[in-house]
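This report looks at how a ligand and a metal ion are held in a protein model, taking the ligand's polar contacts before the metal site.

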Amino acid sequence: MRAAATDGTPDVAERDPRATEVVEFFDTTLRDGEQCPGATLHPADKLAIAQQLAKLRVDVIEAGFPASSPGDFQAVQQIAREVEGPAITGLARAVRGDIDAVHGAVRDAGRSLIHVFISVSDVHITHKLGLDRAQVLARTAEAVAYARSLCETVQFSPEDAGRADLDYLCEVVQAAVDAGAGVINLPDTTGYCLPHEFAAMVATVRREVRGMDRVLVSVHCHDDLGLATANSLAGIGAGARRVEGCINGIGERAGNAALEEVVMALRVRRPVLGLGDNIRSQELVPSSRLVAELTGMAVAPNKPVVGANAFSHASGVHQHGMLRDRRTYEIMAAEDVGAGETQIVLTARSGRHALAHRLDRIGVAVPPEQMPAVWARFLEVADTTKEVADDTLVRIVGEVHSYHTPPAVGPV
Ligand code: KIV
Ligand code: ZN
């Protein structure tokens, strides 16, 4: 069923060497993802996921929030010491204690960065922090400068940027850039923005803040309105070249942008977007399965890219099309995301082509004159069950065959 790259479908499995600009992926499954109820991970599980993320070739792993607990500090430190490839970071509020904790936890990594955040929307400044705008501005400058004295790369996130006053957001980002931040990550913390609004915010910050040509712009979108992937892509369209996300889209409330969705949108629509990335897409499904297993958060069957039904076809019309040419109903190949093969599922909505195809695949030959009876019996069985399994099919064929074949006459 795998289409060759010559069939007109873009070969999405590998990085396109012609793409001049690359979008980096910052995985926060182990920090923002782990913040969702019930998903707390043991340090050994965090390490196993980090190793898998390195195989997936994400550019940065946010391994945790080291100031939150001694256990998380140690987990981040172990990942920094043992996982090779991606840069390792941890999250810090804009206070020295948190910044020291991140520095201590990630300093042994091959590459590391310190991620500092503070809220910039009025509702957060007033009701969460109990500060005013001037105090947040001063804290930003102080915290980023301090982090920069410890680590060459500092990422600054103005939390709740999506609901902040745009002029004030630019002032805060200016302070962070002037204090030495090399990455500005713009979060839609509450998943509030519409794609065109989010794109306009990214474009405004890039245009209005001095020195942005030397800064990597990143986006971090939440999925409260189901717009996290769309907003991440809108941010990329406005010039962001790093995207934050979580495997399976887990995270606070409705979750973060699903990393696998953004990767495959970039790959499948590469002719339009023209951007490369460093991800090994065949590791997407193995990563999804590991995260689901270790967090205990099951993946919905209809989840894009990694759900069990993402490459399954059950209706006769679709199956007929797929059997002729997979491009009729698939825009990417199961193999390219590590999902094995496309599945033709036999149900009461399947057609004769799908039945014949399955019989052929499992090596069961049916004489042409018996096929109408096999088909009729198949439909009877299919109406009583969700999916007709291969062993049931073999039994149906056997029953029809013995009904049509007279018993052999033994010696008299
Ligand atoms: O959603 C958010 O704003 C965050 C920041 C800490 C980046 O997770
Ligand atoms: Zn977040």
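In this predicted model, an oxygen atom of ligand 1 lies 3.1 Å from an N or O atom in the side chain of His-220. Two further side chains, those of Thr-189 and His-222, also place a polar atom by an oxygen atom of the ligand, and the distances are set out below.

| Side chain | Partner | Distance |
|---|---|---|
| Thr-189 | oxygen atom of ligand 1 | 2.6 Å |
| His-222 | oxygen atom of ligand 1 | 3.0 Å |
| His-220 | oxygen atom of ligand 1 | 3.1 Å |

Of the 260 Å² of accessible area that ligand 1 has on its own, the protein covers 95%. Strand E4 (112–119), strand E5 (154–159) and strand E6 (183–188) are the elements that each contribute two or more residues to the surrounding shell. The shell comprises 3 nonpolar, 6 polar and 3 charged residues, among them Arg-31, Leu-91, Phe-117 and Glu-159.

Asp-32, His-220 and His-222 also belong to the residues around ligand 1, and these three residues are the protein donors of the zinc ion (ligand 2), through OD of Asp-32 and NE2 of each histidine, at 2.0 to 2.1 Å. Along the chain, the donors follow the spacing D-x187-H-x1-H. Because Asp-32 sits in the loop between strand E1 (21–27) and helix H1 (43–56), while His-220 belongs to strand E7 (residues 216–221), the pair ties together parts that are 188 residues apart in sequence. Both Asp-32 and His-220 are buried.

Key:
Residues are numbered from 1 along each chain as its sequence is written. Chains are lettered from A and ligands numbered from 1 in the order in which they are written. This is a predicted model: local features need pLDDT of at least 70, side-chain atom pairs count only at pLDDT 80 or more; totals for chains, interfaces and linings use all residues. Side-chain values use heavy atoms; hydrogens and water are left out. Donors are N, O and S atoms within 2.8 Å of the metal (3.2 Å for Na, K and Ca); water is not among the atoms, so sites may look incomplete. Helices (H or I, at least four residues) and strands (E, at least two) are DSSP runs, numbered from the N terminus. Buried means under 20% relative accessible area, exposed over 50%, partly exposed in between (1.4 Å probe, protein chains only). A residue is near a molecule or strand if one of its heavy atoms lies within 4 Å of it. A polar contact is a pair of N or O atoms within 3.5 Å; within protein, one must be able to donate a hydrogen and the other to accept it, and residues adjacent in sequence count only if both atoms are side-chain atoms. Accessible areas come from the Shrake-Rupley method with a 1.4 Å probe; for residues, only the protein chains shown count as cover. Ala, Val, Leu, Ile, Met, Phe, Trp, Tyr, Cys and Pro count as nonpolar, Asp, Glu, Lys and Arg as charged, and the others, Gly among them, as polar.
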